[in-house]
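Biologist: Could you take me through the sheet in this model, and the helices packed around there? I'm new to this, so please go step by step.

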Amino acid sequence: MKKSHKVKVFTGIRPSGDLTVANYLGAIEPILKLLEEGVEPMVFVADLHALTDKEPSLAKKYIHEVVADYLALGLDPERTTIFVQSVIGPQLFTLMSYLARHISVAELLRVPTLKDKLKNNAREETANSLLFLYPVLMASDILMQRAEQVPVGEDQVAHLEVTRLLAKRFNDKYGNVFPIPKAYQVKSLRILSLKGEGKMSKSVPEGAIFLTDDIESAVKKVKGAVTAIEGKMTDGLESNIVLAKGLCKSEEDRTRIDTIIAEHMAGEKVMGEFKKVLAKVVSEFLTDFQEHRKIVVQTPGLIHSVLNKGARIAVENANETMALVEKVMFK
């Protein structure tokens with residue numbers, strides 16, 4: 001008999017540094033939309049995944065920071081289960097070992113995101129082993145909680161396919177232990193650096209707007225943003241339009257942005273006006289977020305309470321899953 005799903009929607013976040021507005025639009029807003037639709041997701045803080053390229057002390061430092069960010073951005077702790085990945089570390093690494101038996105080295109080398117994660121043009125065969133096994137650990141995360149759906153952008157589909165492959169191979173050999181997770185497709189947003197090259201990231205801080213930025217610094221970055229000459233659309237300008245509309249709080253601002261861009265494409269010099277609107281939108285967004293974050297961090301015991309509740313559920317699910325797995329493997 002096929003085992004039932006335990007979690008409706010499951011997703012993770014890496015505690016590897018301060019979040020940017022691009023992180024909000026790409027990873028957090030989709031979760032907030034799920035809540036609006038009545039779906040109660042499970043979110044894990046992927047501190048073990050962060051070890052692929054960060055020191056344990058850094059990952060630990062940012063755990064509570066990233067949870068505070070998520071709560072301040074609107075994640076409802078009453079309707080969301082949030083836990084830290086390492087609370088079920090022993091179960092995860094055990095399951096990863098069991099699942100790794102069902103995939104070859106050649107298959108792992110074909111996972112396209114491995115190349116994306118390599119630093120300084122390193123070759124796949126020189127990757128550290130934990131990075132190499134990243135897709136198997138991710139599969140363990142998902143299958144451990146027996147998730148029904150996983151939000152993925154286009155760049156993450158390959159990882160979910162590894163999860164589905166491993167679940168099917170395990171089930172074929174030992175019986176129907178794992179439900180096969182499905183992709184909850186989310187729109188991929190590629191927010192570029194304000195400098196116009198590469199994705200917005202902390203590695204190029206002058207081109208990234210961090211949630212922790214003071215308003216003056218954020219506005220200065222916006223003023224220095226790359227746009228386009230009159231009548232032309234560039235990747236950088238298109239990205240900044242997505243950013244502006246994504247952070248908008250009012251329909252009036254969205255309409256103003258559309259008007260400015262129409263004037264720009266008609267050959268008018270309006271990029272200065274566009275930057276003013278973008279600066280206004282960013283300032284309002286950051287001010288609102290930072291006010292909410294103060295409330296979160298100043299509420300005694302809030303983050304600990306949220307994580308403790310999540311840990312209880314995650315551990316219960318993990319123990320149940322491992323009992324099923326080992327029952328069929330060692331019968």
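Modeller: Here is a walk through the sheet, followed by a look at two helices. Keep in mind that this is a predicted model. Let's begin with the strands: there are five of them in an open sheet, and reading across you meet β3, β2, β1, β4 and then β5, with parallel pairing. At the edges sit β3 (81-84) and β5 (182-185), each of which pairs on one side only. Going from one strand to the next, the twist averages 30°.

Now zoom in on one pair. Strand β1 (residues 7-13) runs parallel to strand β2 (residues 42-45), and four bridges join them. If you'd like to find one on screen, look for Phe-10, whose bridge partner in β2 is Met-42. On to the helices: α8 (residues 157-174) packs on the sheet, where it touches β4 (147-152) and β5. The direction of α8 makes about 160° with that of β5.

Helix α8 also has a helix packed against it, namely α7 (residues 134-144). Their axes are 9 Å apart and the packing angle is about 65°. Angles of 65 to 115 degrees count as roughly perpendicular, so that is how α7 and α8 lie to each other. The crossing of α7 past α8 is right-handed. Who makes the contact? From α7 come Tyr-134, Pro-135, Val-136, Met-138, Ala-139, Ile-142 and Leu-143, while α8 brings His-159, Leu-160, Val-162, Thr-163, Leu-166 and Ala-167. Sort those contact residues by type and you get 11 nonpolar, two polar and no charged.

Conventions
Residues are numbered from 1 along each chain as its sequence is written. This is a predicted model: local features need pLDDT of at least 70, side-chain atom pairs count only at pLDDT 80 or more; totals for chains, interfaces and linings use all residues. Side-chain values use heavy atoms; hydrogens and water are left out. Two strands pair if DSSP finds at least two bridges between them. Helices (H or I, at least four residues) and strands (E, at least two) are DSSP runs, numbered from the N terminus. Axes are lines fitted to C-alpha atoms, for helices over the stretch in contact, and angles run from 0 to 180 degrees between N-to-C directions. Contact means heavy atoms within 4.5 Å. Angles under 35 degrees count as roughly parallel, over 145 as roughly antiparallel, 65 to 115 as roughly perpendicular and the rest as oblique. A crossing is left-handed if the near helix is turned anticlockwise from the far one by less than a right angle, and right-handed if clockwise. Ala, Val, Leu, Ile, Met, Phe, Trp, Tyr, Cys and Pro count as nonpolar, Asp, Glu, Lys and Arg as charged, and the others, Gly among them, as polar.
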